[in-house]
Amino acid sequence: MEEIVVTIDEEGEVTIKVNGVKGHSCTKMTEFIEKELGKVKERKKTKEYFQSVHQSEQAKQRV
Amino acid sequence: MSHMTQIELEIKDLQALKNACAKLGFQFVKGQTTYKWYGRFMGDYPLPEGIRKEDLGKCDHAIVVPGAGYEVGVVKKEDKYILLWDFYKAGGLANALGQNGKLLKIMYSTEKVKLAAKRKHYKIIETRTKTGEVVLTLRK
């Protein structure tokens with residue numbers, strides 16, 4: 001299931017995660033919250049993010 | 001999970017700030033141009049960026065905290081708002097707002113995310129952990 005999870009810790013630090021979305025589209029999904037809350041301090045891309053890009057590149061080459 | 005973002009909070013939305021105040025039992029006073037504080041800057045803490053000591057006590061809006069002698073000033077600086085408040089214990093704000101105003105910031109962030117998510121037609125599930133974290137799960 002696609003979902004955005006926003007965690008606000010006890011010190012007020014805000015972290016946004018995306019679950020269930022592969023590839024670059026996940027960063028688009030969170031853009032609206034990032035813009036409204038402030039500035040992006042750090043963005044970490046996980047293995048899933050890169051794997052899916054690699055897979056879609058392979059798919060393009062096959063075509 | 002495909003990516004994770006950490007955000008540096010900026011207060012830009014007065015409606016979310018009003019909602020946060022209401023949730024905490026504070027009164028947001030639109031257009032109040034002064035806020036109550038000690039009245040004299042002792043120089044014992046750094047001022048927020050863009051604020052001079054002559055600016056202290058002046059604001060665009062204010063937040064009244066029941067039971068506190070001092071108030072919070074909401075000052076517009078470019079496209080964002082800065083919260084000014086005197087944390088001197090006798091003023092009564094330190095407990096209500098938490099260290100560095102974190103309780104108000106947590107509530108503001110929560111309300112801001114909810115407003116933004118509603119506009120995009122997300123369903124919002126709000127939970128609080130035992131350690132005090134607020135977790136907002138957004139699904140379509």
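Reader: Which residue takes a positive phi in the hairpin of E6(B) and E7(B)?

Author: B:Gly132 does, with phi near 100 degrees. The hairpin has 5 residues between its strands. Bear in mind that this is a predicted model.

Reader: What makes E6(B) and E7(B) a pair?

Author: Two strands pair if DSSP finds at least two bridges between them. E6(B) and strand E7 (residues 134-139) of chain B have 6 bridges, in the antiparallel sense. Therefore they pair by that rule. In one of these bridges, B:Glu126 has B:Leu136 of E7(B) as its partner.

Reader: How do you know whether E6(B) lies largely in the open or is buried?

Author: Count its buried residues. A residue is buried if 20 or more other C-beta atoms lie within 10 Å of its own. Strand E6 (residues 123-128) of chain B has 6 residues, and the number buried is 0, so the strand lies largely in the open.

Reader: Which residues of H3(B) are buried?

Author: The list includes B:Leu104, B:Ile106, B:Met107, B:Tyr108, B:Val113, B:Ala116 and B:Ala117. Charged residues are on the list too, among them B:Lys105, B:Glu111 and B:Lys112.

Reader: How do you know what helix H3 of chain B should span, and what do its end C-alpha atoms show?

Author: The expected span is 1.5 Å times one less than the number of residues. Helix H3 (residues 102-119) has 18 residues, so 26 Å is expected. The end C-alpha atoms are 26 Å apart, which agrees. After H3(B) comes B:His121, with a positive phi near 65 degrees.

Reader: Why is B:Glu78 called exposed?

Author: The cut-off for exposed is 12 or fewer other C-beta atoms within 10 Å. B:Glu78 has 7, so it is exposed. B:Glu78 sits in the loop between strand E4 (71-77) and E5 of chain B. Its phi is positive, about 55 degrees, although it is not a glycine.

Reader: What makes B:Asn100 exposed?

Author: B:Asn100 has 12 other C-beta atoms within 10 Å. The cut-off is 12 or fewer, so B:Asn100 counts as exposed. It lies in the loop between helix H2 (93-97) and H3 of chain B. Here too the residue is other than glycine, and phi is positive, near 55 degrees.

Reader: What is the order of the open sheet of 4 strands in chain B?

Author: The order is E2-E3-E4-E5, with antiparallel pairing.

Reader: Which are the edge strands, and what makes them so?

Author: They are strand E2 (27-30) and strand E5 (80-84) of chain B, and each pairs on one side only. From one strand to the next, the twist averages 25 degrees. E2(B) pairs with strand E3 (residues 61-64) of chain B over 4 bridges, in the antiparallel sense. B:Lys30 is set opposite B:His61 of E3(B).

Reader: How many bridges join E3(A) to strand E1 of chain B?

Author: There are 7, and the two strands run antiparallel. At least two bridges are needed, so these strands pair across the chains. A:Gly38 faces B:Leu9 of E1(B).

Reader: How many residues does the contact take from chain A and from chain B?

Author: It takes 39 from chain A and 28 from chain B. The side of chain A that touches chain B has 15 nonpolar, 8 polar and 16 charged residues.

Reader: How many helices and strands are there in chain B?

Author: Chain B has 3 helices and 7 strands. From the N terminus, they run β-α-β-β-β-β-α-α-β-β. Of its 140 residues, 34% are buried.

Note on methods. Residues are numbered from 1 along each chain as its sequence is written. Chains are lettered from A and ligands numbered from 1 in the order in which they are written. This is a predicted model: local features need pLDDT of at least 70, side-chain atom pairs count only at pLDDT 80 or more; totals for chains, interfaces and linings use all residues. Axes are lines fitted to C-alpha atoms, for helices over the stretch in contact, and angles run from 0 to 180 degrees between N-to-C directions. Two residues are in contact if their C-beta atoms, placed from the backbone, lie within 7 Å.
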